[in-house]
Amino acid sequence: MTESANIIKNRISELCTHVTFEYNGKLCGVDPYNENSFELWYGDNLIEVTNIDDVMQIPFFESKSLLEIADEIVNLDLG
């Protein structure tokens, strides 16, 4: 896992605020509701997952995972 991915994962795991960023010109984010509910969004697309590992590994952002794109995102706001 890259340093960028590690920072993002750790911040989301704290469950204190959303994380927003841009990827390929679209606004994206992760809303951590509790340890079993996370909403990922990419433009107008939404998906809910049930654990932090899925947050990082589900291929949701143009068929890539957050883990894969972590070093390519811009305007990262860790809340």
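The exercises below work through the fold, the sheet, the salt bridges and selected residues of a predicted model.

**Exercise 1. Establish the order of elements in the protein chain and judge its compactness.**

Step 1. The protein chain contains three helices and five strands.

Step 2. Read from the N terminus, these elements follow the pattern α-β-β-β-β-α-α-β.

Step 3. The radius of gyration is 11 Å, and the globule rule gives 12 Å for 79 residues; the two values are close, so the protein chain is as compact as a globular protein of that length.

Step 4. The C-alpha trace spans about 30 × 25 × 20 Å along its principal axes.

Step 5. For the surface, the protein chain exposes about 4400 Å², of which carbon and sulfur atoms supply 43%. Of the 79 residues, 38% count as buried.

Step 6. Take the contacts between residues at least 6 apart in sequence: 38% of them join residues at least 24 apart.

**Exercise 2. Describe the sheet and find which strands stand at its edges.**

Step 1. The five strands form an open sheet with antiparallel pairing, in the order S4-S3-S2-S1-S5.

Step 2. The edge positions belong to S4 (45-49) and S5 (74-77); each has a single partner strand, so one side of each is left without a neighbour in the sheet.

Step 3. Neighbouring strands are turned against each other by 15° on average, with direction ignored.

Step 4. As an example of a pairing, take S1 (residues 19-23) and S2 (residues 26-34), which are joined in the antiparallel sense over five bridges. Within this pairing, Val-19 has Val-30 in S2 as its bridge partner.

Step 5. In general, strands of a sheet pair through backbone hydrogen bonds, either parallel or antiparallel.

**Exercise 3. Locate the salt bridges and state what the Asp-53 pair ties together.**

Step 1. The structure holds two salt bridges. Side chains of opposite charge can pair when their charged atoms come close.

Step 2. One of them joins the side chains of Asp-53 and Lys-9, with an N to O distance of 3.4 Å. Asp-53 belongs to helix H2 (residues 52-57) and Lys-9 to helix H1 (residues 3-13), so the pair ties together parts that are 44 residues apart in sequence.

Step 3. Asp-53 has a relative accessible area of 38% and is partly exposed.

Step 4. The side chains of Glu-14 and Arg-11 meet in a salt bridge at 2.5 Å, N to O. Glu-14 is partly exposed, at 48% relative accessibility.

**Exercise 4. Decide whether Thr-20 is buried or exposed, and list its contacts.**

Step 1. Thr-20 sits in strand S1.

Step 2. Its relative accessible area is 15%. The cut-off for buried is under 20%, so Thr-20 is buried.

Step 3. Leaving out residues up to four places away in sequence, Thr-20 touches Cys-28, Gly-29, Trp-41, Asn-75, Leu-76 and Asp-77.

**Exercise 5. Place Leu-15 and Glu-62 in the chain and give their phi values.**

Step 1. Leu-15 lies in the loop between H1 and S1. Its phi is near 60°, a positive value in a residue other than glycine.

Step 2. At 33% relative accessibility, Leu-15 is partly exposed.

Step 3. Glu-62 lies in the loop between H2 and helix H3 (66-69). Phi of Glu-62 is near 55°, again a positive value in a residue other than glycine.

Step 4. Glu-62 has a relative accessibility of 41% and counts as partly exposed.

Key. Residues numbered from 1 in each chain as written. Predicted model: local features only at pLDDT ≥ 70, side-chain atom pairs only at ≥ 80, totals over all residues. Heavy atoms only, no water. Pairing = 2+ DSSP bridges. Helix = DSSP H or I, 4+ residues; strand = E, 2+ residues; numbered from the N terminus. Axes fitted to C-alpha atoms, helices over the stretch in contact; angles between N-to-C directions. Rg over C-alpha atoms; globule rule 2.2 N^0.38 Å. Buried < 20%, exposed > 50% of the residue type's maximum accessible area, 1.4 Å probe, protein only. Contact = heavy atoms within 4.5 Å. Areas by Shrake-Rupley, 256 points an atom, 1.4 Å probe, with all protein chains shown as cover. Salt bridge = Lys/Arg side-chain N within 4 Å of Asp/Glu carboxyl O.
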